[in-house]
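Reader: I'm new to this one and keep tripping over the labels people use. Could you take me through the reasoning behind them?

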Amino acid sequence: MFLLLDANIIVANPLLRGRQWDAVADAVASEALDLYVPELAIDEAVARYRDGAASREREAKKALKNWPPRSRELIQQAIDASDTFAAEYASLLRSRLEQMGAEIVDYPEVEHREIARRAISRAAPFDSEGNGYRDALHWHVFVDLLLTCEPEDPYAFLLSADKRAFGPSRHRELLAEVEELGVEWDVQILASISEFVVPGQFLDEEGELEYEQELQLRDAIQDAVLAGGTPKDFTQTLAAKTDFDAADILEILMLDIRVERVQVERKSRDLWINYTAQATCLVKLESIEILDEDAGDYATHRDTAVWVLDLSGNAYSSGNRIDDVASLRLDAVDGETQSAGR
């Protein structure tokens, strides 16, 4: 069995931290799983992380003048720390992958004609406009592994959050190509590490939450919603629905939670909880308009909205207590867009 990672999976969790990734590392160490990471994915993840860090640092520097001197010092320290981490990120990522037992796969040896043929015909993973060069290279890495690896445990997983290239609408075409290869592998394309069942990780029987654990799960999910999601902050996605620069959740007016699955980890007997939730939230919208940059004059525009958020994620419980909400993702938003009213 093997698992291949796309760059966007690394970007979502830059050092692949958390229980699920630790479980993957344990499975690699026990030889139940082979973990492959393309050199291409590392190069792309490093570049995207550094671009994102540079953007955040620029925004932070712009805001320095709006803070008192002591706060400026702290913000500058954060900027410096971010810059240092970005500079060291490539070596830190490779060190983490080595720790997990991952095998780095070189760029595929594929003819330009083959890539061009895919692009011209708009064959997956290229999109309708012919975009997808790096995705095509990534797919060829996966195909090469299918052709060269021995299928002793014949399950192969491609992990990519790129819906355009590897989303459900492209699965039929991609899997048909795999079938034409005549290999014995059973291939699945997954969008999140939470969808991957690590071999040997869980007992066959499912667990149940006690009443106290259900209350703790509700409190933990509520805290995660108010924080704007984890590990990725989804408040920028909310702001993108509006003409405002920022959207923050002020209050949860209603929260409905559905526990989808409770699994018992074989090694620790901890419970791994998969859930969905719907939160009706009061959202604060805010924008800052610079009136006179030299004088430091600016105007703040504010409004509020009530939106219904469809959410999903994972949590963990050990010792009859919810320890951690590992993820809380925004799946959909139902609400009217707002105008900054400038």
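Reader: Where does arginine 117 lie, and why does arginine 117 count as partly exposed?

Author: Arginine 117 is part of helix H5. This is a predicted model, by the way. The relative accessibility of arginine 117 is 43%. Buried needs under 20% and exposed needs over 50%, so arginine 117, at 43%, counts as partly exposed.

Reader: How far apart are arginine 117 and leucine 285?

Author: They are 168 residues apart in sequence, and in space 47 Å from C-alpha to C-alpha.

Reader: Back to H5. Why are H5 and H6 called oblique to each other?

Author: Their axes cross at roughly 120° and come within 11 Å. Roughly perpendicular covers 65 to 115 degrees, and roughly antiparallel starts over 145. An angle of roughly 120° fits neither range, therefore H5 and H6 are oblique. The crossing of H5 past H6 is right-handed.

Reader: Which residues meet there?

Author: Glu114, Ile115 and Arg118 come from H5, while H6 brings Tyr133, Ala136, Leu137, Trp139 and His140.

Reader: And what makes H6 and H8 roughly parallel?

Author: For H6 and H8 (residues 168–181), the axes cross at roughly 30° and come within 11 Å. The cut-off for roughly parallel is under 35 degrees, so H6 and H8 get that label. H6 also passes H8 in a right-handed crossing. On the H6 side the contact is made by Trp139, Val143, Leu146 and Leu147, and on the H8 side by Leu174, Glu177, Val178 and Leu181.

Reader: Trp139 keeps turning up. How many aromatic pairs are there, and what makes the pair of tryptophan 139 and phenylalanine 142 tilted?

Author: The count comes to 11 aromatic pairs. In the pair of tryptophan 139 and phenylalanine 142, the ring centres are 5.5 Å apart and the planes differ by 35°. A pair needs centres within 6.5 Å; stacked means planes under 30 degrees apart, and edge-to-face means over 60. With 35° between the planes, this pair is therefore tilted.

Reader: Why are tryptophan 139 and phenylalanine 142 separated by about one helical turn?

Author: Because they are 3 residues apart in helix H6 (residues 133–148). An α-helix has 3.6 residues a turn, so residues three or four places apart point the same way. Both tryptophan 139 and phenylalanine 142 are buried.

Reader: Which residues do ring pairs link into a cluster with those two?

Author: Besides Trp139 and Phe142, the cluster holds Phe2, Tyr36, Phe166 and Trp185.

Reader: How do you know that the charged end of arginine 56 sits over the ring of tyrosine 49?

Author: The charged end of arginine 56 is 5.7 Å from the centre of the tyrosine 49 ring. The distance cut-off is within 6 Å, and the charge must also be within 35 degrees of the ring normal. Arginine 56 is listed as sitting over that ring. Lysine 241 likewise lies over the face of tryptophan 307, at 5.7 Å from the ring centre.

Reader: What is there to say about the loop between H5 and H6?

Author: Proline 125 is found in that loop, and a cis peptide bond joins alanine 124 to proline 125, with omega about 10°. Arginine 122 also has its place in the loop, with a positive phi near 60° although it is not glycine. With a relative accessible area of 38%, arginine 122 is partly exposed. Elsewhere, the bond from threonine 230 to proline 231 is cis too, with omega near -5°. Proline 231 is in the loop between helix H9 (211–227) and helix H10 (235–239).

Reader: Leucine 16 has a positive phi as well. Why does leucine 16 count as buried or exposed?

Author: The phi of leucine 16 is near 50°, and leucine 16 lies in the loop between helix H1 (7–12) and H2. Its relative accessibility is 0%. Buried means under 20%, so leucine 16 counts as buried.

Reader: Which residues of helix H2 are buried?

Author: In H2 (residues 19–29), those are Gln20, Trp21, Ala23, Val24, Ala25, Ala27 and Val28. Just after H2, glutamate 31 has a positive phi of about 65°.

Reader: How much of the whole chain is buried?

Author: Buried residues make up 42% of the 342 residues. The chain's secondary structure comes to 10 helices and 10 strands.

Definitions and conventions
Residues numbered from 1 in each chain as written. Predicted model: local features only at pLDDT ≥ 70, side-chain atom pairs only at ≥ 80, totals over all residues. Heavy atoms only, no water. Phe/Tyr/Trp six-rings, centres within 6.5 Å; stacked < 30°, edge-to-face > 60°. Helix = DSSP H or I, 4+ residues; strand = E, 2+ residues; numbered from the N terminus. Buried < 20%, exposed > 50% of the residue type's maximum accessible area, 1.4 Å probe, protein only. Axes fitted to C-alpha atoms, helices over the stretch in contact; angles between N-to-C directions. Left-handed = near helix turned anticlockwise from the far one by under 90°. Contact = heavy atoms within 4.5 Å.
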